[in-house]
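The following exercises concern packing and surface in a protein structure. Please work through each task before reading its solution.

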Amino acid sequence: MTGQQTNTIPTDAYVGGEPEETEQSVLDSVPISFEMLLLLPSIVTLAVLSIIPLVVMIYLSFHEVNFTPVNEVIFLGFENYTQMAADGNFWNSWRVTLFYVAGSLGLQLGLGILIAVMLHRVSRGENLLTSIIIMPMMIAPVVVGLLWQFLLDPSFGLYTYMLNQVGLFVNQPILANSTSALVSIVIMDTWQWTPLVVLIILARVKSIPQHLYEAARVDGATGITQFRHVTLPLLKPAIAIALLLRSMDLMRYFAKVFITTGGGPSSSTKVIGLYVYERALRFFNLGYGSATGLVLLIVTILMGLMFVETIMGGAGDE
Amino acid sequence: MYDDGKLCKDMSRKTVGRRRFLRATGAAATVTALAGCSGGGGGGGGGDGTPPGDDVEAADSIQFITESTAPSEALQSIAGEFTEETGIEVEFTLSPLLNYTEQLANDLTSESANYDAAYVDPYNIGAPYYTDLEPLNGYIEQNDYDYEDHIEIHRVACSEFEDDGTIRGIPYDCPTILLAYRQDVFDEYGDQATSDLGFEAEPNPDMTWSQYMEVARWITENVPDDMVPYGTGHMAAQHQSLANEFEMIQWSFGGTQLEGFDGKDPILPDEVSAGFTDDASMQAAEFYQELVSEVAHPASTTWDWGGVAQAFANGEMAMSPQWHENSGLFADPESSEIADTVRWTLAPTGPAENRNVQAHYGGSSIGINAHTSPEKKKAAWQFIEWATSEEIQYRLLSEVGGTPTRQSVYDRDDVQAASEQTVGESEYPNVAPPIVEGWKLDNIGQRPHHPDWLQLEQIIYTEGSAMVSGDQSAADTMQACADGFSNIL
């Protein structure tokens with residue numbers, strides 16, 4: 001049929017000029033694919049915002065860069081890194097960060113799951129309760145720091161007053177003691193960011209099919225057993241996401257410590273983020289600051305990978 | 001700062017001029033910075049100190065960066081008058097101390113000249129970046145500026161950073177640590193304390209630090225809490241404030257942070273080494289540890305200079321070393337419960353035989369960015385002349401509690417009268433403290449002009465915080481400070 005139709009066209013009929021085989025569209029002349037062209041703005045933006053600063057940071061980490069009248073940029077090789085390895089303050093900051101991250105993650109996750117599950121069981125006013133619970137998350141970290149500093153003030157702080165009434169922290173300001181200051185910043189962050197964990201977990205809890213619980217009940221499962229064998233396993237992907245988001249954020253923790261304790265007393269709250277800031281931006285020791293920042297970046301990436309691989313595992317693939 | 005060994009080591013390394021490096025990395029960052037780079041554009045001749053000639057017309061606008069202090073905020077509010085007089089607009093950038101330091105340091109070292117005139121903190125900016133500030137000797141001479149009217153200490157402490165007489169900033173404002181106390185407490189219990197202790201209990205210029213501690217302890221133990229809970233309170237948080245307070249005590253005990261530096265002459269020799277391990281520093285550390293951790297208000301270790309000022313205003317302690325610029329806060333009945341009772345005197349004396357330190361210097365100047373254009377420099381100088389003039393200093397004192405640096409302001413009748421009154425009565429609470437007495441070279445203590453002082457001082461307050469928190473002995477603290485200083489030096 002097709003061949004017949006082709007044959008009906010007279011061979012001498014004018015069908016327009018033959019297209020020039022060498023002619024190309026403008027897009028064809030660009031030496032990259034159309035898809036790459038579409039991606040280019042994103043790549044350029046990413047390069048400017050992330051890749052170039054990262055490369056500069058790596059470069060700086062191998063140099064001594066100190067903005068004083070007599071200093072030059074000096075290539076040091078790995079000297080910043082060896083100095084870091086021997087720097088007691090650096091390791092102290094990591095110890096503080098480890099306690100802080102572990103403590104905050106544990107509390108936020110535990111409370112987050114508990115509150116989310118309880119919230120799911122509320123039949124009336126759930127939206128109102130959820131709105132109230134997520135309020136702290138909407139406050140700027142600096143304001144949270146100022147608020148808690150006020151609440152913990154040894155002279156007029158409400159929480160100090162309440163603790164004093166039960167015989168705690170009398171003549172011992174909460175933020176003046178190494179242990180209680182560190183616990184305080186863990187609580188501050190828990191207060192602010194547990195709501196995020198609640199939201200993540202709550203979304204997952206709501207998606208668990210009710211028939212699983214019905215089946216469990218038929219099998220004689222109690223509430224706790226249902227939670228342990230139905231709810232918790234199905235929350236695994238959400239828990240991994242919450243851990244990932246919160247851990248990355250906690251590693252970069254800075255504002256509330258900066259406002260409330262400044263890293264003290266006795267450097268007991270000097271988290272690694274504050275340490276990096278001091279070296280790089282307060283003392284303009286950019287080489288050493290970059291090296292410590294790079295280590296922080298690597299640790300954060302490794303921790304994220306660990307959470308994704310070990311906790312999330314294949315659960316997110318379903 | 002370089003010793004021979006380090007110099008040789010440095011020469012063997014591959015080096016790149018910091019400015020060349022900054023330009024190179026700056027080029028990489030140009031894409032991001034392009035939108036924000038709108039400043040003077042450099043080309044100012046790199047600060048050879050020759051003022052722009054008559055052929056140069058002053059720019060019609062300049063950028064001024066300053067720490068957000070009350071006098072600077074007031075200066076901003078009246079800067080319109082300067083614009084009316086000269087046609088030069090001044091755009092202010094006010095930031096807290098650390099942010100201001102970061103912004104200005106970045107601007108100076110990159111030579112981008114976004115700021116034409118700058119508030120110069122002598123320790124955070126002046127000492128490390130003085131080469132980026134325009135020498136002003138030529139400007140002073142060319143314009144017959146009355147530089148000598150600025151009281152000597154300010155010319156020594158915040159204008160010069162080399163030992164060749166080059167002036168890099170014109171004195172502008174000067175907070176000073178002195179001793180504040182509550183007269184009502186001593187009116188009621190002073191005689192009893194004097195009788196019990198065997199010396200004059202009310203703070204006075206002859207009081208020693210050990211007497212001070214005894215009086216503080218006596219007040220805590222004997223004066224009812226509803227009058228005042230504690231004898232003394234301190235700015236002993238892990239903050240620059242702790243370093244400032246301890247430095248003053250260390251100098252008065254005869255100790256030092258840097259060998260050969262006595263808290264008097266800020267210009268250091270080329271070769272300096274860490275101090276702290278001398279007997280006097282050890283004694284000062286032991287004293288400070290006992291004072292803060294055993295005698296003072298327990299919240300002292302959470303207070304920086306702002307915190308301890310508010311606590312004093314709230315009536316939490318009877319005596320306290322304070323930056324005198326808080327006098328206005330104490331005098332204001334809306335923010336202070338003790339407005340009528342505050343008195344000031346010099347800080348106590350120490351046992352040092354070779355020096356006397358009873359005040360701590362905290363002044364600042366205004367300078368010109370050496371990398372800005374000649375037109376901007378000319379305009380910036382006119383602004384500095386205006387901002388540091390007798391008339392404007394007087395207005396800043398009378399309207400917001402600035403601290404004039406010019407002798408002529410203190411010679412005015414009404415200022416003299418105000419300086420002899422109490423804080424509550426004085427028309428100008430900032431001159432009620434004996435600042436002029438404190439600024440005498442015999443009484444003042446000041447930090448050195450070392451380019452790394454900000455970092456060195458951090459060692460003092462980090463280790464000092466461990467000491468006053470009871471986590472570290474005084475001897476270990478001084479050794480840790482010495483080690484930390486040695487690492488940086």
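**Exercise 1. Determine how many residues of domain 1 and domain 2 of chain B are in contact with each other.**

Solution. Contact is taken as heavy atoms within 4.5 Å. On this basis, 16 residues of domain 1 of chain B touch 15 residues of domain 2 of chain B. An automatic or database domain assignment supplies the bounds: domain 1 covers 28–174 + 362–411, and domain 2 covers 176–360 + 447–488. The C-alpha centres of the two domains of chain B are 32 Å apart.

The model is predicted: local features need pLDDT of at least 70, side-chain atom pairs count only at pLDDT 80 or more, and totals for chains, interfaces and linings use all residues. Residues are numbered from 1 along each chain as its sequence is written, chains are lettered from A and ligands numbered from 1 in the order in which they are written, and side-chain values use heavy atoms, leaving out hydrogens and water.

**Exercise 2. Locate the largest nonpolar core and explain why it lies between two domains.**

Solution. A nonpolar core is a set of buried Ala, Val, Leu, Ile, Met, Phe, Trp, Tyr and Cys residues joined through side-chain atoms within 4.5 Å; buried means under 20% relative accessible area, exposed over 50%, and partly exposed in between, with a 1.4 Å probe and protein chains only.

- The largest such core has 98 residues, and those with the most contacts inside it include B:Trp209, B:Tyr288 and B:Met319.
- Its largest share, eight residues, comes from helix 12 (residues 279–295) of chain B; helices are DSSP runs (H or I, at least four residues), numbered from the N terminus.
- Domains 1 and 2 of chain B both give residues to this core, so it lies between them.
- Beyond neighbours within four places in sequence, B:Met319 is in contact with residues including B:Tyr181, B:Phe186, B:Ile219 and B:Phe312.

**Exercise 3. Is B:Phe383 buried or exposed, and which residues does B:Phe383 contact?**

Solution. B:Phe383 belongs to helix 15 (residues 374–387) of chain B. Its relative accessible area is 0%, so B:Phe383 is buried. Leaving aside neighbours within four places in sequence, B:Phe383 is in contact with B:Ile62, B:Phe64, B:Leu75, B:Phe82, B:Val90, B:Phe92 and B:Ala117. B:Val90 is 293 residues from B:Phe383 in sequence, yet their C-alpha atoms are 8.1 Å apart.

**Exercise 4. State why A:Ile58 counts as partly exposed.**

Solution. A:Ile58 is placed in helix 3 of chain A. Its relative accessibility is 35%, and A:Ile58 therefore counts as partly exposed.

Notes: Helices (H or I, at least four residues) and strands (E, at least two) are DSSP runs, numbered from the N terminus.
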